[in-house]
Amino acid sequence: MPDADPSLHRAADLGQRPVRRALIVDPLSTGRELAPEFRRRGWQTTAAVSIPWIADAINREDFDEVLIDEPGSDLRGRVRALAPDAIVPGAEFGVLLAEELAAQQGLPVNIPLPDDPRRDKSAMLHRLRERGVRAMAGELVRTPEELERWLTAWGRYPVVVKPARSAGSDSVSICHDAPSAHAAFDAVAGQRNSLGVINDGALVEEYLSGQQYYTNSVSIDGLHRVHEVWRVDFTVADGRPLYDREVLLGSDDRHFQPLIDYTDEVLTALGVTDGAAHTEIRMQGEEPVLIESGARLAGASDMPAHRAATGTNPVELLVDRYADPAAFRARLHEPPLRRRHVSAVALQCPRPSTATVAGLDALHALPTAFGGPALELRAGARLRPTVDLYSVPGILYLVGADAASVDRDYAAVRRIEAEQLYRPMTESEQRRWALARRARWIRVRVVALPSWTARRVRSRIADRPSPT
Ligand SMILES: Nc1ncnc2c1ncn2[C@@H]1O[C@H](COP(=O)(O)OP(=O)(O)OP(=O)(O)O)[C@@H](O)[C@H]1O
Ligand SMILES: [Mg+2]
């Protein structure tokens with residue numbers, strides 16, 4: 001395999017261990033932490049982005065180079081020349097491209113399967129059924145008639161209607177009757193989703209009413225290490241599930257081991273063999289049932305809080321898997337540890353508001369307040385109403401020696417929100433804010449993007465060999 005990295009040859013000449021290179025695809029959200037961690041281990045880092053705008057959203061200083069997948073960029077050829085030693089997705093956007101590139105390079109990668117069952121929730125359900133793993137009822141429907149047929153055959157409510165390939169709880173609706181299921185279908189089918197893809201129909205599923213959990217895992221050669229199990233509490237507002245809080249589970253919980261065992265079955269069925277996975281599960285009676293599994297790190301996670309609670313963190317474990325596979329393998333069967341109690345509380349802003357000094361001071365003063373974006377909010381920050389994960393004003397990690405101190409502060413967060421954190425915006429403030437957002441949108445879409453595109457077109461024309 002060709003390699004264009006002169007440092008490999010220099011290191012080999014000097015008899016040193018060659019410098020290794022990680023390629024991180026779409027390093028957003030928690031995936032931003034991957035490059036610094038690889039660098040700490042002496043690796044070089046390159047970013048690849050699957051959509052051009054992502055290049056402007058990543059931390060460029062963490063990378064020696066940023067490659068963009070766009071017409072004419074020959075990303076695959078450049079990756080071939082770069083010959084990275086590991087390729088990992090940094091976020092859901094990058095899962096398919098990372099897997100394609102890793103397969104191209106002959107690097108450890110999940111098993112390629114038709115219909116993308118690690119990305120597409122409809123294919124995910126089919127795959128579990130095919131492999132005899134417990135799965136909920138659900139189907140991709142492309143027309144109102146197909147939806148009606150499914151609803152009649154299923155005959156129960158509520159049901160869930162959502163995009164098959166989106167993220168961030170985008171357009172997920174819990175529907176209590178046929179008209180609301182049809183309205184939810186219309187809001188999904190044929191619309192552009194939060195990952196920028198047009199939804200092909202909509203996924204309709206039975207509603208799993210039990211407690212939700214998720215597991216975080218890292219796999220090596222088809223063996224899975226589940227290193228965290230979390231309980232997830234939701235509230236429902238206007239038929240939409242809203243994140244309330246996540247609580248790290250200890251091994252004393254009766255669902256702890258069944259969740260780990262079920263995750264193992266799910267990951268194997270979905271062809272996950274290498275790298276991180278984030279698996280969302282609900283209980284149906286006493287049985288765990290999959291909501292979805294993402295072949296990547298959990299998003300929006302605070303690494304210091306994970307370390308304080310477990311002694312390690314998901315990013316460190318994932319990098320271990322590539323940088324020191326022998327050490328990772330030796331700890332494969334260690335059960336997930338909980339050294340301290342932790343809750344990740346999602347703030348919920350009820351109406352357009354600004355954050356107040358008193359409310360933020362009160363959050364900072366909570367005895368178990370540990371970190372997370374909620375503590376970075378500034379007084380006066382303008383907040384839109386929380387309707388999904390994207391509109392959560394911030395996540396606050398509470399870390400304490402016992403469950404009672406964390407629970408007490410969780411209740412205090414909700415009290416602070418209700419009493420003082422949000423100052424509702426007046427109508428004229430809302431109008432001014434809407435105008436400012438529109439002006440920003442025009443600057444980005446109408447002014448900045450075209451000039452960026454024009455620059456690229458000009459530079460491509462300049463690069464093109466002259467026809468003579
Ligand atoms: N069939 C279902 N039964 C019960 N709840 C569901 C179902 N499908 C989705 N939900 C709820 O809606 C949430 C978001 O759905 P889902 O995970 O499928 O969408 P997503 O866009 O990937 O969101 P996120 O990024 O928040 O995980 C789930 O975590 C779960 O709480
Ligand atoms: Mg999900």
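**View 1. What sits around ligand 1 in this predicted model.** The shell splits into ten nonpolar, four polar and six charged residues (Ala, Val, Leu, Ile, Met, Phe, Trp, Tyr, Cys and Pro count as nonpolar, Asp, Glu, Lys and Arg as charged, and the others, Gly among them, as polar). That shell holds 20 residues, and V160, S169, E205, L208 and P241 are the closest (a residue is near a molecule if its C-beta atom, placed from the backbone, lies within 6 Å of it). Ligand 1 lies between domain 2 (137-206) and domain 3 (212-424), because both give residues to its shell; the domain bounds come from an automatic or database assignment.

**View 2. The largest nonpolar core.** This one has 90 residues, and L23, A48, L101, L396, Y397 and L398 have the most contacts inside it. A nonpolar core is a set of buried Ala, Val, Leu, Ile, Met, Phe, Trp, Tyr and Cys residues joined through C-beta atoms within 7 Å, where buried means 20 or more other C-beta atoms within 10 Å of a residue's own. Domain 1 (6-104) and domain 3 (212-424) both chip in residues, so this core lies between them.

**View 3. Zooming in on A48.** Leaving out residues up to four places away in sequence, A48 touches L23, V25, L67, D69, L75, V79, L97 and L101 (contact means C-beta atoms, placed from the backbone, within 7 Å).

**View 4. Another core, apart from the largest one.** It has 17 residues, including L151, V160, L203 and V204.

Residues are numbered from 1 along each chain as its sequence is written, while chains are lettered from A and ligands numbered from 1 in written order. In this predicted model, local features need pLDDT of at least 70 and side-chain atom pairs count only at pLDDT 80 or more, while totals for chains, interfaces and linings use all residues.

Methods:
Buried ≥ 20, exposed ≤ 12 C-beta atoms within 10 Å, placed from the backbone. Contact = placed C-beta atoms within 7 Å.
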